[in-house]
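Subject: Structure for you to look through

Dear colleague,

I am passing on a structure that I have been reading through, and below it I have written down what was found. Please keep the structure open beside this message as you read.

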Amino acid sequence: MARCDPHSYADDAQAQTAHLDWAATVDFPTQTLAATATLTFRAPAGGALDLDTRDLAITAAVDQDGRPVPFALAAPDPILGARLTLTLPDGTRAVTLTYHTAPTASALQWLAPAQTAGGVHPYLFSQCQAIHARSLVPLQDTPRLRITYAATLTVPRALTVVMAAAHRGREVVGDRAVEAWHMPQPIPPYLLAFAVGDLASRDLSPRCRVWAEPSVVEAAAWEFAEVEQMITAAEALFGPYDWERFDLLTMPPSFPYGGMENPRLTFLTPTLITGDRALVSVVAHELAHSWTGNLVTNATAEHFWLNEGFTMYAERRIVEALEGPAVASLHAALGRRELDESIARFAARPELTHLRTKLDGVDPDDAYSLVPYEKGYFFLCAIEAAVGRPAFEAWLKRYLADFRFGAITTDDFCAHLEAALPGALAAVDAPAWLDGAGIPASAQAPRSERLDAVLALTGVAPTAAQVAGWTATEWQLYLELVPRPASPALCRELDARFALTAGTNHDVLVSWLTLALGAGELGVVDRVEQVVTTVGRMKYLRPLYTALAKEPRTRDRARAVFARASASYHPIARQMVEGILRDAGA
Ligand code: BES
Ligand code: ZN
């Protein structure tokens, strides 16, 4: 037995799936999918085949000729789910499994009509990264094994399906619609994605379209109108865009992430729609994953920094190309603040602040933090500074080309860099970055005049003249830099002058509310409750619940508001907040 991903039962010595044919009927009343999945192997195979499942009820398994294939479902592991072992007769080319999913499927959120913008139709969406695809489909759920797929989804005819794939067509049969999709480029299973709801779209360019609920689609189209320029900038930096289309899906507010790089169809939180395009760097981030992550993929979650650290670097290069180096430096400075905070949060588990992690027995959702993002970013910047930008860019292009449609480990990265730029790893003390805790002292500090202007105001209330022309990034950075705990007097002055509590840019608003809560300014609690009951993005829930639960005077309210809001949260957001409340004894 040779398992090589701590988060999968997939075994290297066994058959490897090359292609998935998936047919699922979506049933909103029971919140289940009734489905068949046909796994076609790279080569005819025999013997044991271990698949990943979570909360799946398997009713039948047959081979390509309809002959039964023996199968056994093991007791579930709390992190991995249940191993499904098939015993393949020799020469098996494909196996078809019939099953249904559970209402608790960890990849799915089922929304009642009242939880949507339109209020009339239900909504369903998936989020498979890191290890939730197995709650939708029994498969080898490791990014080491890429698959192509074809899918048909049967849904109520009033609803539209979108998938991170190419559309083949829609057929209405009675009160149902059957939508067919296919994904010709091989993907890691965590990139399987779809949504079902009352959806409308607007074309932004020949290869970009934005999808959203009808009442949101105009605002979304305006907010993301510049996406084609982003792709053009990214192609100049990283090579041709390989996925044909780059569509965007504006999610319901309970979407737990800012964005998810599902291929051909990036999922985005609706909190990006601020009316001033202030947060579109998240779109640049998900676009950048089209190269770093979706083309060159981390082999396991232990090498997650290869996805996210590279993507932060690529995101900031796109921002630099479109908005200039000063804006990119503000983003990097904010990143450094967030990195310091994440490292402080992991004080009791410093091994999770290494870039290369050991996650045997660790749920990747629990290990999630900005460390692989921002420490990875500063590590790549250190290498760039050591070898110079031209050499670094040339290497990066070669790295992307050489590992295209592959899955790699940190060692693969090191070997590739060392061969192309001998001595670069040693020059930056790569072991300290990769296998050491915290941030090496040699990490570069971002620099720009705009950044200096914000730094000069650290801890003092600025005048209206001093903030004239500030973008949301400058505001957020200013707020994050206020030494903790902030003085109540400063908080009151800031709110009186700049009406921060009434702000609508959630990145700035949440930085402000966290600061004010930490200063004991309980006047903001109503606004905090409003945020955590209307938005399910974990980046906002985490600091707000942490601050509420930490302060004895608001601990009860933390518990009460969670009791009220938790049914509307995504399962993984619910799990995260439960952890915060538990740790705080709330
Ligand atoms: N791929 C991630 C989201 C993710 C990571 C989902 C791990 C599940 C497990 C996505 O690209 C991401 O990084 N989103 C960030 C965007 C930000 C860094 C610009 C987010 O959601 O905040
Ligand atoms: Zn990312």
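A good place to begin is Asp247, which stands opposite Leu265 in β17. Please bear in mind throughout that this is a predicted model.

The five-stranded sheet

The pairing between β15 and β17, to which that contact belongs, is made by four bridges, and the two strands run parallel. They are part of an open sheet of five strands, whose order is β13-β14-β15-β17-β16 and whose pairing is mixed. At its edges are β13, residues 200-205, and β16, residues 259-260, each of which pairs on one side only. As background, strands of a sheet pair through backbone hydrogen bonds, and they may do so either parallel or antiparallel.

If you start from the β13 edge, you will find that five bridges join β13 to β14 (residues 208-212) and that these two strands run antiparallel; in this pairing Arg202 stands opposite Val210 in β14. At the other edge, β16 and β17 also pair in the antiparallel sense, over two bridges, and the bridge partner of Met260 in β17 is Phe267. β16 and β17 form a hairpin with four residues between them, and in the turn Arg264 has a positive phi of about 70 degrees.

Which residues of β17 are buried on each side? Leu265 and Phe267 are buried on one side, and Thr266 and Leu268 are buried on the other, so that both faces of this strand are covered. This is a helpful case for a general rule, namely that in a regular strand the side chains alternate between the two faces of the sheet.

Two helices should be viewed together with this sheet. Helix α2, residues 227-238, lies across β13, β14 and β15 (247-250), and runs at about 135 degrees to β14. Helix α3, residues 281-288, packs on the sheet and touches β15, β16 and β17 (265-268), with its direction making about 145 degrees with that of β17.

The four-stranded sheet

There is also an open sheet of four strands, with the order β6-β7-β12-β9 and with antiparallel pairing. Because β6 (108-111) and β9 (160-163) stand at the edges and have a single partner strand each, one side of each is left without a neighbour in the sheet. From one strand to the next, the twist averages 10 degrees.

The pairings can be followed in the order of the strands. β6 and β7 are paired over four bridges in the antiparallel sense, with Leu108 opposite Ser126 in β7. Two bridges then join β7 to β12, again with the strands running antiparallel, and here Leu124 stands opposite Val196 in β12. Finally, β9 is joined by four bridges to β12 (residues 194-197), which runs antiparallel to β9, and Met163 is found opposite Phe194 in β12.

In strand β7 (residues 123-126), Tyr123 and Phe125 point one way while Leu124 and Ser126 point the other way, and all of them are buried.

Helices α17 to α20 and a pocket

In helix α17 (residues 525-534), the buried residues are Val525, Arg527, Val528, Glu529, Val531 and Val532. Their cover includes α16 (506-518), α18 and α19 (555-565).

In the loop between α18 and α19 you will find Arg553. Is this residue buried or exposed? Arg553 is exposed, because its relative accessible area is 54%, and the cut-off for that word is over 50%. Leaving aside residues up to four places away in sequence, Arg553 touches Gly520 and Leu522. Arg553 and Gly520 are 33 residues apart in sequence, while in space they are 8.9 Å apart, C-alpha to C-alpha.

The second largest pocket holds about 660 Å³ of space. Its lining is made of 20 residues, of which Asp366, Met576, Gly579, Ile580 and Asp583 lie nearest its centre. α6 (364-367), α18 (538-550) and α20 (571-583) each supply at least two residues of this lining, and the largest share, seven residues, comes from α20. By kind, the lining residues divide into nine nonpolar, three polar and eight charged.

With best wishes

Methods:
Residues are numbered from 1 along each chain as its sequence is written. Chains are lettered from A and ligands numbered from 1 in the order in which they are written. This is a predicted model: local features need pLDDT of at least 70, side-chain atom pairs count only at pLDDT 80 or more; totals for chains, interfaces and linings use all residues. Side-chain values use heavy atoms; hydrogens and water are left out. Two strands pair if DSSP finds at least two bridges between them. Axes are lines fitted to C-alpha atoms, for helices over the stretch in contact, and angles run from 0 to 180 degrees between N-to-C directions. On a 1 Å grid over the protein atoms alone, a cavity is a set of points where a 1.4 Å probe fits but cannot get out, and a pocket is an open set with protein on both sides within 12 Å along at least five of seven lines; lining residues have an atom within 4 Å of a point. Grid points are joined across faces, edges and corners, and a volume is the space filled by probe spheres set on the points. Ala, Val, Leu, Ile, Met, Phe, Trp, Tyr, Cys and Pro count as nonpolar, Asp, Glu, Lys and Arg as charged, and the others, Gly among them, as polar. Buried means under 20% relative accessible area, exposed over 50%, partly exposed in between (1.4 Å probe, protein chains only). Contact means heavy atoms within 4.5 Å.
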